[in-house]
Amino acid sequence: MDSAQYPFGKIHYLFRKADHANWQRQESKRHILRSQLGFTDVVSTRPKPCVGCANYHGMAYGYSRESRTPLICGFHPYGWQSESACPDWCSV
């Protein structure tokens, strides 16, 4: 694109660059704040019997939040419901 067709190209680029730098600065501040407040640990959504299992899938399928259904694994679509160890557990 030459300057005759789009005279504000350079200024547009500079505004986008400044906006991105501002966004990056804010994200960095949020990251620092979260680490200072102790939010570094991510809570696992994986069911306890499925931790370390190679059969774990963990994706939700559906078109809206209300109709989504999680698929935990191919053997037990809703997850292992018993307190005992899953008989189909396979290490990663």
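1. Gly58, in this predicted model, has a relative accessible area of 36% and is therefore classed as partly exposed, since that class covers what lies between the buried limit of under 20% and the exposed limit of over 50%. The residue belongs to strand β1, which runs over residues 56-61. Once the neighbours within four places in sequence are set aside, Gly58 is in contact with Leu71 and Ile72. A reader tracing the chain may also look at Thr45, which is 13 residues away from Gly58 along the chain, with 8.6 Å between the two C-alpha atoms.

2. Phe75 offers a second place from which to follow the fold, and it sits in the segment that comes after β2 (69-73). Apart from neighbours within four places in sequence, the residues in contact with Phe75 are Asn55 and Asp88. For the pair Phe75 and Asn55, the separation along the chain is 20 residues, while their C-alpha atoms are 7.9 Å apart.

3. Taken as a whole, the protein chain contains one helix and two strands, and their order along the sequence is α-β-β. The helix, α1, takes in residues 9-37, whereas the strands named above are β1 at residues 56-61 and β2 at 69-73.

4. How much of the protein chain counts as buried? Of its 92 residues, 8% fall in that class, and the surface that the chain exposes comes to about 8400 Å², with carbon and sulfur atoms supplying 58% of this area. As for contacts between residues at least 6 apart in sequence, 31% of them join residues that are at least 24 apart.

5. The salt-bridge count for the model is one, and the partners are Arg30 and Glu27, whose closest N and O atoms lie 2.6 Å from each other. That distance meets the criterion because the cut-off for such a pair is 4 Å. Both residues are part of helix α1, where they stand three residues apart, or about one turn of the helix. Are these two partners buried, partly exposed or exposed? Arg30 has a relative accessible area of 47%, so it is partly exposed, and Glu27, at 31% relative accessibility, is likewise placed in the partly exposed class.

6. A search for enclosed space through the whole structure returns one cavity of 30 Å³ or more, and the largest cavity holds about 80 Å³ of space. Which residues are closest to the centre of this cavity? Its lining is made up of 13 residues, and those closest to the centre are Cys50, Cys53, Cys73, His76 and Cys86. Sorted by class, the lining of the largest cavity comprises nine nonpolar residues, three polar residues and one charged residue; in reading that tally, a colleague should keep in mind that Cys is counted here as nonpolar.

Methods: Residues are numbered from 1 along each chain as its sequence is written. This is a predicted model: local features need pLDDT of at least 70, side-chain atom pairs count only at pLDDT 80 or more; totals for chains, interfaces and linings use all residues. Side-chain values use heavy atoms; hydrogens and water are left out. Helices (H or I, at least four residues) and strands (E, at least two) are DSSP runs, numbered from the N terminus. Buried means under 20% relative accessible area, exposed over 50%, partly exposed in between (1.4 Å probe, protein chains only). Contact means heavy atoms within 4.5 Å. Accessible areas come from the Shrake-Rupley method with a 1.4 Å probe; for residues, only the protein chains shown count as cover. A salt bridge is a side-chain nitrogen of Lys or Arg within 4 Å of a carboxyl oxygen of Asp or Glu. On a 1 Å grid over the protein atoms alone, a cavity is a set of points where a 1.4 Å probe fits but cannot get out, and a pocket is an open set with protein on both sides within 12 Å along at least five of seven lines; lining residues have an atom within 4 Å of a point. Grid points are joined across faces, edges and corners, and a volume is the space filled by probe spheres set on the points.
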